[in-house]
Amino acid sequence: MALEFILERYNYWIVIILMMTGLYIVFSRGNLVKKVVGLNLFQTSVFIFYITIGKIVGGTAPILIGGHGDEHGDTHKGADGAVAAGAGHDTAAADLSGQDGSSANPVIDLNATLSDQGGGLHDKIANPAIEMKPNDLSVSPPVGGDAEAGAAPSLHVEPGKISNSFMDEAKTAFELNPSPDSAGAGHADAASQIADAAGHGVNAVTDAAAIIYTNPLPHVLILTAIVVGVATTAVGLALAVRVREAYGTIEEDELEAADHIAEFGVPAEGQA
Amino acid sequence: MSGLISQLPVLPVITPLIAAPLTLLLPKGRVPWAWATIVSWLTFAASAALLHNVATNGVVSYHLGDWAPPLGIEYRIDLANALVLFLVSGIAAIVFPFAYESVRSETDNRQSSLFYGAMQICLAGMLGVTITGDAFNVFVFLEISSLSTYALVAMGARRDRRALTAAFNYLVMGTIGATFFVIGIGLLYQATGTLNMADLHLRLAGQDNRVIEAGFAFIVVGIGLKAAMFPMHLWLPNAYTYAPSVVTAFIAATATKVAVYVLVRFFYSIFSPDFAFMQATFAYVLLPLGVIGMFVASLVAVFQADVKRMLAYSSVAQIGYMLLGVSLGTKAGLAAALVHVFNHALIKGALFMSVACVVLRLGSHANEAFQGLGRRMPVTTGAFILSGLSLVGAPATVGFISKWYLLKATFEVGHWGVSFLIVASSLISLIYIGRIIEMMVLREPPESGPLSAPIKEAPMSMLIPMWVLVAANVYFGLQTDLTGGIASAAADALMTVGGAR
């Protein structure tokens, strides 16, 4: 058990070993460049520590998966955007209900995007709204879902995930309102529920999509820390260069001896 | 105009941060200095307006890029950091105009735009540390100010090459401190999942486990290194001694104070004194280290043969007073610490500025240079004596107010022994300051050697800012409404921060 406990946390051991190695080099080496190297090791251990914090077992890299993944922001943005998408859907639903089921054009337009993204789920949604309007919507999934999927990419929400959860919500909503006349109201309900689901944030979205991302925030933080580390290294090495120019050496004991001679005119005790 | 007012909280940071790279485009010579001076005044105006705003309207919260906290970065300004902002930008607004002659004589003139650029970045970093309400943001700004400080210290190499090794050691220790701080932040993030200070406070409440204790320890050690807390002060004497005089005056008055502020902010706004380990830290770490620091550093200062180095050790001792105030864990103690942060900045700023005047005329800050200075540079001597007395704690100066608040705070908790030690260590400071004053006033100027050449008084461009700061020493010693009143209110707000949000 104890061995398992230790082995399971191997990345923390790496962090600790690197950290101690780095600090030891900083304290024990007299060469200024080696000190900078030690500092670098020390900082690298912290980078690994932060990445360990962000790691979720079974999670993928925090890069959004799906056709539009490349244009989207981080998950926080996704959660915020989802609320906006809910609101957007509300208006879309209102428009569609005004047209009372004869909204073939927008539905077909949106269909192309949708079939890429969440086609599998649509089959599961057998709701009365479709059955009431077979002629118009026979080739298309539910209106609410369409509008949502259409709205989602334009609002920079990860479409695969968001629309999936929206589908579930929409399905419930339609089941609650089987009457064709209240299809518009059903959309509004769906919209409000979508907003709720979005309010639950990343968790609800991720569950629906069954994609687990590692936490991106530590990665962002450590990118900043890496930049700081690079700057520190640069300044440290630049100082080492200047020390070399001024003293002709970068060994700490020789620097101290030179300073001692400069100050007192004689070598320090115990030195030749 | 109203748009500018709503953006007021970000102005103190953004003004020097944008102005600094522009400085590099300016021609060498006087122009970068003038530009930096104007920027520092604008920054000071923004900070003063912000302090006024916070004092009348209460806490200001500014969301950077309109991202709502806790996800976005929040600038959260209450009385405590408004006071430190006012202090740091105020010192900058006095030191920057003072700088021209001194910098021209001590650093390479071709680097003047680089020098003033680095000064502004340093200012922006310290203001950022003070103003932000995001724990990781503190680290970023801390490193922005530290990195430019390393470069500034190294610029003293033209006069003394030991500035290079001093800067290198400062870099090594400062980086270790900053990295410890990041580890602490990482542990807190692991325990809570947030970086916003107010949010951290809410989520930490009631938690008590090893992760938080370890995070706390890393943060205290990391910031302690930056603040030159007693056993971790080894970088400070050399860095202060060999840096260009203006840089010393600026960072001695601001950098360690900002670090002490960060410590206070973490103690009260993120952790709270309810934590058992906080009480232990106060009683067994900060209090003893503060007292030992006060004595050891003061005693070391007595035996220095160099005024700048003596004042540097004195700074370490003064940090001890501040930590002592914080470690009492009472409102009065915290208020005393904040008052001393403010007052000590005024004292050390003025003292190092008078040393800068001496260095300009005599090219040395060894004790011998101060012999008989009363006859050769009477105005500078007057400034040194007044601010020196303020350091000791003579009545009608800010030093007296600091000691008074601190003594009152120790009486309140019944630490009679500690009160005695405060008075005793003040007497040591009387010895080392008195020694220099005796040299300046009573001794004859050296009759031979390089220091005996006839000299003039320092130029007006240096005397006026220096005396402004000396006058502030006396003014705030008589008018305690601003410092004492705001510090007490700030301490009040910090102690009750749990209910504030």
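The following exchange between a reader and an author goes through a two-chain structure and asks how its descriptions are justified.

Reader: What kind of model is this, and how are residues numbered?

Author: This is a predicted model, in which local features need pLDDT of at least 70 and side-chain atom pairs count only at pLDDT 80 or more, while totals for chains, interfaces and linings use all residues. Residues are numbered from 1 along each chain as its sequence is written, chains are lettered from A and ligands numbered from 1 in the order in which they are written, and side-chain values use heavy atoms, with hydrogens and water left out.

Reader: What makes the pattern of chain A a row of α signs?

Author: Chain A has 13 helices and 0 strands, where helices (H or I, at least four residues) and strands (E, at least two) are DSSP runs numbered from the N terminus. Read along the sequence, the pattern is therefore α-α-α-α-α-α-α-α-α-α-α-α-α.

Reader: Why is Trp13(A) called partly exposed?

Author: Buried means under 20% relative accessible area, exposed means over 50%, and partly exposed lies in between (1.4 Å probe, protein chains only). Trp13(A), which lies in helix 2 of chain A, has a relative accessible area of 41%, so the residue counts as partly exposed.

Reader: What makes Trp13(A) part of a nonpolar patch?

Author: Patches are made of residues with over 30% relative accessible area and no salt bridge, like charges being joined within 9 Å and nonpolar side chains (Val, Leu, Ile, Met, Phe, Trp, Tyr) within 5 Å. At 41%, Trp13(A) passes the area condition, and the residue is grouped with Leu3(A), Phe5(A), Ile6(A), Leu7(A), Ile16(A), Ile17(A) and Met20(A) in a surface patch with about 820 Å² of accessible area together. Helix 1 (2-8) and helix 2 (10-28) of chain A are the elements that give two or more residues to this patch, and accessible areas come from the Shrake-Rupley method with a 1.4 Å probe, only the protein chains shown counting as cover for residues.

Reader: How do you know how much area chain A and chain B bury between them?

Author: Buried area is the accessible area (1.4 Å probe) that two parts lose on being put together, summed over both. For chain A and chain B that loss is about 3100 Å², 78% of it on carbon and sulfur atoms. Taking contact to mean heavy atoms within 4.5 Å, chain A gives 40 residues and chain B gives 31 residues.

Reader: Why is the pair of Arg162(B) and Glu263(A) called a salt bridge?

Author: A salt bridge is a side-chain nitrogen of Lys or Arg within 4 Å of a carboxyl oxygen of Asp or Glu. The closest N and O atoms of Arg162(B) and Glu263(A) are 3.1 Å apart, so the pair meets that limit. Between chain A and chain B the count is 1 salt bridge, and Glu263(A), Asp160(B) and Arg162(B) are linked in a network of such bridges.

Reader: How many salt bridges are found over all chains, and what makes Arg242(A) and Glu245(A) one of them?

Author: The whole structure holds 15 salt bridges over all chains. Arg242(A) and Glu245(A) come to 3.8 Å, N to O, which is within 4 Å, so the term applies. Both residues lie in helix 12 of chain A, 3 residues apart, about one turn of the helix; Arg242(A) is partly exposed at 38%, whereas Glu245(A) is exposed at 59%.

Reader: Why does Glu106(B) count as buried, and what does its salt bridge with Arg159(B) tie together?

Author: At 3% relative accessibility, Glu106(B) is under 20% and therefore buried, whereas its partner Arg159(B), at 31%, is partly exposed. The closest N and O atoms of the two are 3.8 Å apart. Glu106(B) lies in helix 4 of chain B and Arg159(B) in the loop between helix 6 (135-154) and helix 7 (162-192), so the pair ties together parts that are 53 residues apart in sequence.

Reader: What makes Asp66(B) worth a remark?

Author: Most residues other than glycine have a negative phi, and most peptide bonds are trans. Phi of Asp66(B) is near 65°, a positive value in a residue other than glycine. Asp66(B) is found in the loop between strand 1 and strand 2 of chain B, and the residue is called exposed because its relative accessible area of 69% is over 50%.

Reader: Which peptide bond is cis?

Author: The bond from Pro69(B) to Pro70(B) is cis, with omega near 10°, and Pro70(B) has its place in the loop between strand 1 (60-63) and strand 2 (74-77) of chain B.
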